[in-house]
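Please open the structure in your viewer and keep the selection tool at hand, since this tour moves from one selection to the next.

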Amino acid sequence: MEKRAAAGPEGAPGARAQLAVVCLVNIVLTGRLSSAVPALAACSGKLEQHTERRGVIYSPAWPLNYPPGTNCSWYIQGDRGDMITISFRNFDVEESHQCSLDWLMLGPAAPPRQEAFRLCGSAIPPAFISARDHVWIFFHSDASSSGQAQGFRLSYIRGKLGQASCQADEFRCDNGKCLPGPWQCNTVDECGDGSDEGNCSAPASEPPGSLCPGGTFPCSGARSTRCLPAERRCDGTQDCGDGSDEAGCPDLACGRRLGSFYGSFASPDLFGAARGPSDLHCTWLVDTQDPRRVLLQLELRLGYDDYVQVYEGLGERGDRLLQTLSYRSNHRPVSLEAAQGRLTVAYHARARSAGHGFNATYQVKGYCLPWEQPCGSSREGDAGDAGEQGCFSEPQRCDGWWHCASGRDEQGCPACPPDQYPCEGGSGLCYTPADRCNNQKSCPDGADEKNCFSCQPGTFHCGTNLCIFETWRCDGQEDCQDGSDEHGCLAAVPRKVITAALIGSLVCGLLLVIALGCAFKLYSLRTQEYRAFETQMTRLEAEFVRREAPPSYGQLIAQGLIPPVEDFPVYSASQLPPHPPGLGATEPSHGHAETDAPARLPPRALPPSPRPPLEPALSPASGAPRTDPVADGRTHLSDGAG
């Protein structure tokens, strides 16, 4: 049935706020933020939203047993004013104290605001009717769960009250609610007013009601009204006048050696009251005197600390232990098989245990019990091989579960055409042989995919009698519960592993590039830090540095190129000599130069010292320059007339 991803605009006013609450719940349960995102899958921490008018919701791995450590959430959203009705078709959730380990929760609001309907156990719950237009459904299995419970399957329908008419395949309640037709007369009040269970005729096979209260055994004698306590059933003493309290009782001895090729036995406390102050330990040795394999079936009613151990062969040897069974396997038959027709059953019960042991039957493989029918040919001459293909009892006939590999127990059922097989639960639905074991559910309860002895072409047969697609074989991921789809594969690396390796290599390469880039960047930054302490010079500056520095002032004096500072004359206007004849008008300019010379020299505080008389810079006779080096140093102050 088609599903929409989100509710319409006519959803509940508080739907968005409650969606935030369920997101928080999923985060707490799964520890992943991604679980808060609505998606099509209900499990793996994701929310699955349903807006269709009718639908079916299953537990994870249905019809197989649900796995431990699972959290699932569903949200059913109706139109404004709708009423949502939920009816359970199958229910088997591992029972615990106050449903603290595994549980199914339903309510109009997400927890922790409300926990109105918290369920566990194997009893079918009553119908759930929500007065609001939405329902939250949560399923949780603890990590310590045994994984032996099947889970649940529920159906729902939404609609308004006061409907004038319903669809052709639906039933109209007296209050105007429409329900699916199969819900009528199913002993469950889904209408809310009991109108769907009114005027229903009881099945012909249903025995008349007992006058005895619950927990007691009624004697079956004519006109008998005697009721016996449950512990007096099968106690070895006939308490009913007709002996019906001791009829059909199994062997209740605490341990025995059994030598027939078939038989039954039970623990001594199967019908007894609470156990006494001492522990109970019983051992049964089964020797069929036949080399073929022996089949053992047990129905357990163990207490919390009780357990049953089954060994292959005679004697309790640890290396031959087949299985240890505890209270987690209650409420469902357990089948075991031992080689060479021999096995040992050991029962251990604690003092004052509330359990009631077990009931067991055994038979040689290939033979059927007197009250069973063979799955193989029943023609004359083939009776010896008829039981090789299995056996089935009359209650197992047409129950939707294949007990025979050939499907003989499901053939010719009155509810289906001759060439079809019925689904489980008495729903009246049927499927063809082509729909059997093809990894696609045709029945609402998945009966066509249960207990597959063979698979359709293109599928693979798991060791747990489950069929998966052939393409899932040897893909590196276990799809069968026992991992048989990955057994016997070639040593070639699966595609998923190769893909993961390639992606990992790319990621490693990218990280390496990033690391190298960071290293080079750090090196560059460190180099720049070192260069910051060095003098940065341009090319012209470098050439200038390579040039020879000019001589210092002291070097010039030592070389006689310039006179010492104290040898420079200081002139004043009063000390000017008379102009020599012949200088003409050029003297004033020289005199001005001489008077300006001291002004350009820095002032010095020198002690007075005798100075030699000034001599003319030019010879009066010829005007030739003097060869005196001192006079040569002052030539720029004299007037060279010649």
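The tour begins with the whole chain and then visits two sheets, one residue in a strand and one patch on the surface.

**The whole chain**

Before selecting anything, keep in mind that this is a predicted model. If you colour the chain by secondary structure, you can look for seven helices and 28 strands. The chain has 642 residues, of which 36% count as buried, and it exposes about 37,100 Å², with carbon and sulfur atoms supplying 56% of that area. Among contacts between residues at least 6 apart in sequence, 58% join residues that are at least 24 apart.

**The sheet that contains S2**

Now select residues 54-58, which make up strand S2, and add residues 151-159, which make up strand S9. These two strands belong to an open sheet of four strands, which has the order S2-S9-S4-S7 and antiparallel pairing. At the edges of this sheet are S2 and strand S7 (128-130), each of which pairs on one side only. Neighbouring strands here are turned by 20° against each other on average, when direction is ignored.

Stay with S2 and S9, which are joined by five bridges in the antiparallel sense. Which residues of S9 stand opposite Gly55 and Val56? Gly55 faces Tyr156, while the bridge partner of Val56 is Ser155.

Next, show the side chains of S2 and turn the view so that both of its faces can be examined. In a regular strand the side chains alternate between the two faces of the sheet. In S2, Gly55 and Ile57 make up the covered face, whereas Arg54, Val56 and Tyr58 make up the uncovered one.

**The sheet that contains S15**

Select residues 262-266, strand S15, together with residues 334-338, strand S20. Both are part of another open sheet of four strands, in which the order is S15-S22-S17-S20 and the pairing is antiparallel. S15 and S20 stand at the edges with a single partner strand each, so one side of each is left without a neighbour in the sheet. The average turn between neighbouring strands of this sheet, with direction ignored, is 20°.

If you add strand S22 (residues 358-364), you can follow the five bridges that join this strand to S15 in an antiparallel arrangement. Within this pair of strands, look for Tyr262, which stands opposite Gln363 in S22.

**Leu285 and its contacts**

Move on to strand S16 (residues 280-287) and select Leu285 within it. Is Leu285 buried or partly exposed? Leu285 counts as partly exposed, because its relative accessibility is 25%. When neighbours within four places in sequence are left aside, Leu285 is in contact with Arg256, Arg257, Leu258, Leu314, Gly315, Leu343 and Thr344. You can also select Gly313, which lies 28 residues away from Leu285 along the chain, although the C-alpha atoms of the two are separated by 8.5 Å.

**A nonpolar patch on the surface**

For the last stop, select helix H3 (residues 495-531) and find Ile514 in it. Ile514 is partly exposed, with a relative accessible area of 44%. Together with Ile503, Val507, Leu510 and Leu511, Ile514 forms a nonpolar patch on the surface. If you display these residues as a surface, you will be looking at about 470 Å² of accessible area together.

Technical notes: Residues are numbered from 1 along each chain as its sequence is written. This is a predicted model: local features need pLDDT of at least 70, side-chain atom pairs count only at pLDDT 80 or more; totals for chains, interfaces and linings use all residues. Side-chain values use heavy atoms; hydrogens and water are left out. Patches are made of residues with over 30% relative accessible area and no salt bridge: like charges are joined within 9 Å, nonpolar side chains (Val, Leu, Ile, Met, Phe, Trp, Tyr) within 5 Å. Accessible areas come from the Shrake-Rupley method with a 1.4 Å probe; for residues, only the protein chains shown count as cover. A salt bridge is a side-chain nitrogen of Lys or Arg within 4 Å of a carboxyl oxygen of Asp or Glu. Buried means under 20% relative accessible area, exposed over 50%, partly exposed in between (1.4 Å probe, protein chains only). Two strands pair if DSSP finds at least two bridges between them. Axes are lines fitted to C-alpha atoms, for helices over the stretch in contact, and angles run from 0 to 180 degrees between N-to-C directions. Contact means heavy atoms within 4.5 Å.
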